[in-house]
Amino acid sequence: MRTRFTEAFGVEHPIVQGGMQWVGRAELVSAVANAGGLGFLTALTQPTPGALAEEIARCRSMTDRPFGVNLTILPSITPPPYAEYREAIIAGGIGIVETAGHNPGPHIEHFKAHGIKVIHKCTAVRHALTAERLGVDAVSIDGFECAGHPGEDDIPGLVLIPAAADKVRIPMLASGGFGDGRGLAAALALGADGINMGSRFCATREAPIHDGIKQAMVANDERDTALLFRSYRNTARVARNSVAREALAIERQGKPFEALAHLVRGLRGREGLERGNPEHGVWTVGLVQGLIHDVPTVAELIGRIMREAENIITGRLGGMILHQA
Ligand SMILES: Cc1cc2nc3c(=O)[nH]c(=O)nc-3n(C[C@H](O)[C@H](O)[C@H](O)COP(=O)(O)O)c2cc1C
C-alpha cells in the first residue's frame with residue numbers, strides 16, 4: 001500500500017506505534033520497525049538523557065530499519081530536562097521525532113534545524129494547523145477514543161479526522177481507536193494517510209509489559225475505560241479499575257488533584273504494568289480494548305491489519321459498486 005505517509009517517511013506500511021510511557025522501549029519499537037511499521041521510543045521512559053542515548057543504541061542493534069523517538073511535553077511542577085533529552089535525540093542520529101503535548105514550538109524548531117522529520121500529535125484541528133504552520137512534516141490526530149490524553153473537546157475520530165482532512169495539507173495520521181484492518185481502511189476513507197496505534201501494540205508479545213496486563217486488555221471491553229482529571233482540564237483515559245474508580249470518586253467531590261495524587265502516581269502505574277496486576281495502579285488504555293481479542297506478535301498484527309484493509313478496499317467495498325453494462 002502506498003500513501004503520502006509511506007512515501008514521505010520511507011516506511012513500508014502506513015502503521016505507526018506512538019510513544020507510550022513505560023512501554024515504548026527498544027523491544028517493541030524494533031519489532032514494529034522490523035515488521036515494516038514506524039515505532040517510537042518514548043524519551044521520558046528513560047530516567048536520564050544519557051539512558052535515552054543508550055536505548056537508541058540498543059534499538060539500533062535490534063533493527064536496521066528506521067525508527068523514531070517521542071518527546072512528550074506535559075505541564076509539570078518540576079519539568080524534566082527537555083532540552084537535554086532533545087539533544088540526546090539529535091546526537092543519536094534519529095531521523096523522525098513524534099512530539100506531543102504542550103507548546104512544542106521551540107523543540108520543533110530545533111529538530112527541523114537538524115534535518116529531523118517531525119510528526120506532531122495533537123487532539124484538535126486548530127492545533128494541527130498550528131503545527132503545520134510551524135513546519136512539521138505530518139500530524140497525528142488523536143480522537144476522543146484514544147488512550148491517554150484526548151484533550152477537552154470530546155470529538156471522536158469519525159468527525160475529527162475528516163474535519164482535519166478538510167484543512168490540513170501535510171500528511172496526516174488518524175489516531176485513537178484503531179486496532180484492525182477495518183480501522184485502517186476507515187481512516188484512509190476519512191482522509192488520513194495512515195494510522196497511529198497505542199493500546200493495540202500493548203497487547204503484543206513484544207510489548208515490554210507483564211502478560212497479566214495484556215490479558216486484562218483482552219478480557220476488557222469498550223466500556224472498561226474511565227476519564228480522569230476532567231475537572232483539572234487534563235483529561236486522561238485509563239482502564240476503569242478499582243483505583244481509577246476511587247480516584248474518580250474523589251475528583252467528583254470537587255477535591256483538588258493533591259487529594260488523589262497518591263492513587264494516580266506514575267510509579268504505582270508502572271509497578272502494575274511490570275507486576276501484571278491490573279488493579280495495582282492507574283494504567284493507560286483506550287476504547288479499542290473492545291476490539292482486542294488476542295496477543296499476537298507485532299509482525300502477525302501488522303500483517304493481519306494490512307491484509308484485512310487491502311481485502312476490504314479491493315474486495316468488500318469494491319464489490320459494492322454496481323457497474324452498468
Ligand atoms: C500505555 C500508554 C502510554 C502512553 N503514553 C504516551 C506518552 O507518553 N506520550 C504520548 O504522546 N502518547 C502516549 N500514549 C498515547 C499513544 O501514543 C497513542 O496516541 C494512543 O494510544 C492512540 O490511541 P489508541 O490507544 O486508541 O490506539 C500512550 C498510550 C498508551 C496505551
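Which strands each supply at least two residues of the shell around the ligand? Keep that in mind as you look through these close-ups of a predicted model.

**View 1. The shell around the ligand.** Here you see the ligand with the 20 residues that surround it. Among them, G19, T72, K121, G177 and S199 are the closest. Now for the opening question: the strands are β3 (68–73) and β8 (194–197), each giving at least two residues to this shell. Sort the shell by residue type and you get twelve polar, six nonpolar and two charged residues.

**View 2. Polar atoms beside the ligand.** Zoom in on T72, where an N or O atom of the side chain sits 2.8 Å from a nitrogen atom of the ligand. The side chain of N196 also has an N or O atom here, 3.4 Å from an oxygen atom of the ligand. With A147 it's the backbone that takes part: one of its N or O atoms lies 3.5 Å from a ligand oxygen. On its own the ligand would expose 610 Å², and the protein buries 92% of that.

**View 3. The barrel.** Follow the strands round and you can count eight of them closing into a barrel, in the order β1-β2-β3-β4-β5-β6-β7-β8, with parallel pairing. Ignoring direction, neighbouring strands in this sheet are turned by 25° against each other on average. Helix α2 (residues 26–34) packs on the sheet and touches both β1 (15–17) and β2 (38–42). Its direction makes about 165° with that of β2.

**View 4. Two strands side by side.** Strands of a sheet pair through backbone hydrogen bonds. In this close-up, β4 (residues 96–101) and β5 (residues 117–122) run parallel, joined by five bridges. Look for V97, whose bridge partner in β5 is V118.

Conventions: Residues numbered from 1 in each chain as written. Predicted model: local features only at pLDDT ≥ 70, side-chain atom pairs only at ≥ 80, totals over all residues. Heavy atoms only, no water. Near = heavy atom within 4 Å. Polar contact = N/O pair within 3.5 Å; in protein donor to acceptor, adjacent residues only side chain to side chain. Areas by Shrake-Rupley, 256 points an atom, 1.4 Å probe, with all protein chains shown as cover. Helix = DSSP H or I, 4+ residues; strand = E, 2+ residues; numbered from the N terminus. Nonpolar A, V, L, I, M, F, W, Y, C, P; charged D, E, K, R; others polar. Pairing = 2+ DSSP bridges. Axes fitted to C-alpha atoms, helices over the stretch in contact; angles between N-to-C directions. Contact = heavy atoms within 4.5 Å.
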